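I opened a fresh page for this one and went through the model a piece at a time. Here are my notes, in the order I looked things up.

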Amino acid sequence: ARHEYEKGYQLLMKRDAAAAVAHLTKSIEIYPSFVAAHNALGTAYLNQGDTQHAVEQFNNAIALDDHLPNSYLNLGCAQLAMQKYGDAEGSLKKAAAIAPMDLPLLTALTYAEFANKDYPAVVSGVKQIHGRKHEGAAVVHYFAAGAMEAQGNLVGARSEMETLLAEAPKSASAGEYRQMLQQIKDEQAGRVA
């Protein structure tokens, strides 16, 4: 089972999802309780765009061991791909409860909360993330700005965009962020007028 898993995992890393599925399926046939193989098989299915089978494999992994944050993270990513934002938010919250310091996981959770229009959760989560070292996760300020703007808080949205640009001035999206900041400023000026 381990040998088939390793072959499948290597193929998955080489982005050959179809070949990876064959080896990972064989690994699970040999050892049905192989949690890592279920997660890898789910990822291979997700890479192929087969979200239903991906969700099934991630749920199998969770059923076998519900103490691994990556299984919930993977499930949440599949649910995001299916545009099941409420389900994704729930799965990612479970992952975050297990691994509360995992920055990529918290970033994914913030995105799911935003997509699910759970704006108070976005703002609260970003405050927690910003309160500690969060290098590489400045994009959460973008989600917070969007959440605040959706709630009519242009001052807060502007502050979040300014924080985003201060933290990631050389981001590939910095030009777009500056344009969005200007739009917020223009909207504020329009409200004042």
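Before starting, I fixed one term: I call two residues in contact when heavy atoms of theirs lie within 4.5 Å. I also kept in mind that this is a predicted model.

**Entry 1: the C-terminal helix**

I began with Arg-191, which sits in helix 11, residues 174-192. Leaving out residues up to four places away in sequence, I found that Arg-191 touches Gly-152 and Leu-154. I then looked at what the side chain does, and the Arg-191 side chain reaches the backbone oxygen of Gly-152 at 3.4 Å. For Leu-154, I took the C-alpha separation from Arg-191, which came out at 9.9 Å for a pair 37 residues apart along the chain.

**Entry 2: back from Gly-152 to helix 9**

Gly-152 made me curious about its surroundings. It follows helix 9 and has a positive phi, near 80°. Helix 9 itself covers residues 140-150, and I noted it as mostly covered, with eight of its 11 residues buried. Which residues of helix 9 are the buried ones? I listed Val-140, His-141, Phe-143, Ala-144, Ala-145, Gly-146, Ala-147 and Met-148. I next asked what covers the buried residues of helix 9. The cover includes helix 7, helix 8 and helix 10, the last of these spanning 154-167.

**Entry 3: the whole chain**

Time to step back. I counted 11 helices and zero strands, and from the N terminus on the order is simply α-α-α-α-α-α-α-α-α-α-α. The C-alpha atoms fill a box of roughly 70 × 30 × 30 Å along the principal axes. Of the 193 residues, 45% count as buried. I also looked at contacts with a separation of 6 or more, and residues 24 or more positions apart account for 48% of them. The protein exposes about 10300 Å², and carbon and sulfur atoms supply 51% of that area.

**Entry 4: His-38**

Is His-38, in helix 3, buried or exposed? I put it down as buried, because its relative accessibility is 5%, against a cut-off of under 20%. The side chain of His-38 reaches the backbone oxygen of Pro-32 at 2.8 Å. Setting aside neighbours within four places in sequence, I found His-38 in contact with Ile-28, Pro-32, Gln-57, Asn-60, Ala-61 and Leu-64.

**Entry 5: the largest pocket**

I stayed with helix 3 and turned to open space. The largest pocket has a volume of about 210 Å³. Its lining consists of Tyr-5, Tyr-9, Leu-12, Met-13, Arg-15, Ala-36, Asn-39, Ala-40, Thr-43, Asn-47 and Asn-74. Two elements give two or more residues to this lining, helix 1 (2-13) and helix 3 (35-47). Helix 3 gives the most, with five residues. Sorted by class, I get six nonpolar, four polar and one charged residues.

**Entry 6: the second largest pocket**

About 180 Å³ of space lies in the second largest pocket. I wrote down its lining as Pro-100, Leu-106, Leu-109, Thr-110, Glu-113, Ala-121, Ser-124, Gly-125, Gln-128, Ile-129 and Arg-132. Helix 7 (103-115) and helix 8 (119-130) each supply at least two of these residues, and helix 8 has the largest share, five residues. The class tally here is five nonpolar, four polar and two charged residues. Helix 7 and helix 8 were already in my notes as part of the cover over helix 9.

**Entry 7: two loop residues with positive phi**

Last, I checked backbone angles. Most residues other than glycine have a negative phi, so I flagged the exceptions I came across. One of them is Lys-117, with phi near 60°, in the loop between helix 7 and helix 8. Gln-83 also has phi near 60° and is found in the loop between helix 5 (69-81) and helix 6 (85-98).

Are these residues buried or exposed? I noted Gln-83 as exposed because its relative accessibility is 58%, and Lys-117 as exposed too, with a relative accessible area of 59%. The cut-off I used for exposed is over 50%.

Technical notes: Residues are numbered from 1 along each chain as its sequence is written. Side-chain values use heavy atoms; hydrogens and water are left out. On a 1 Å grid over the protein atoms alone, a cavity is a set of points where a 1.4 Å probe fits but cannot get out, and a pocket is an open set with protein on both sides within 12 Å along at least five of seven lines; lining residues have an atom within 4 Å of a point. Grid points are joined across faces, edges and corners, and a volume is the space filled by probe spheres set on the points. Helices (H or I, at least four residues) and strands (E, at least two) are DSSP runs, numbered from the N terminus. Ala, Val, Leu, Ile, Met, Phe, Trp, Tyr, Cys and Pro count as nonpolar, Asp, Glu, Lys and Arg as charged, and the others, Gly among them, as polar. Buried means under 20% relative accessible area, exposed over 50%, partly exposed in between (1.4 Å probe, protein chains only). Accessible areas come from the Shrake-Rupley method with a 1.4 Å probe; for residues, only the protein chains shown count as cover. A polar contact is a pair of N or O atoms within 3.5 Å; within protein, one must be able to donate a hydrogen and the other to accept it, and residues adjacent in sequence count only if both atoms are side-chain atoms.
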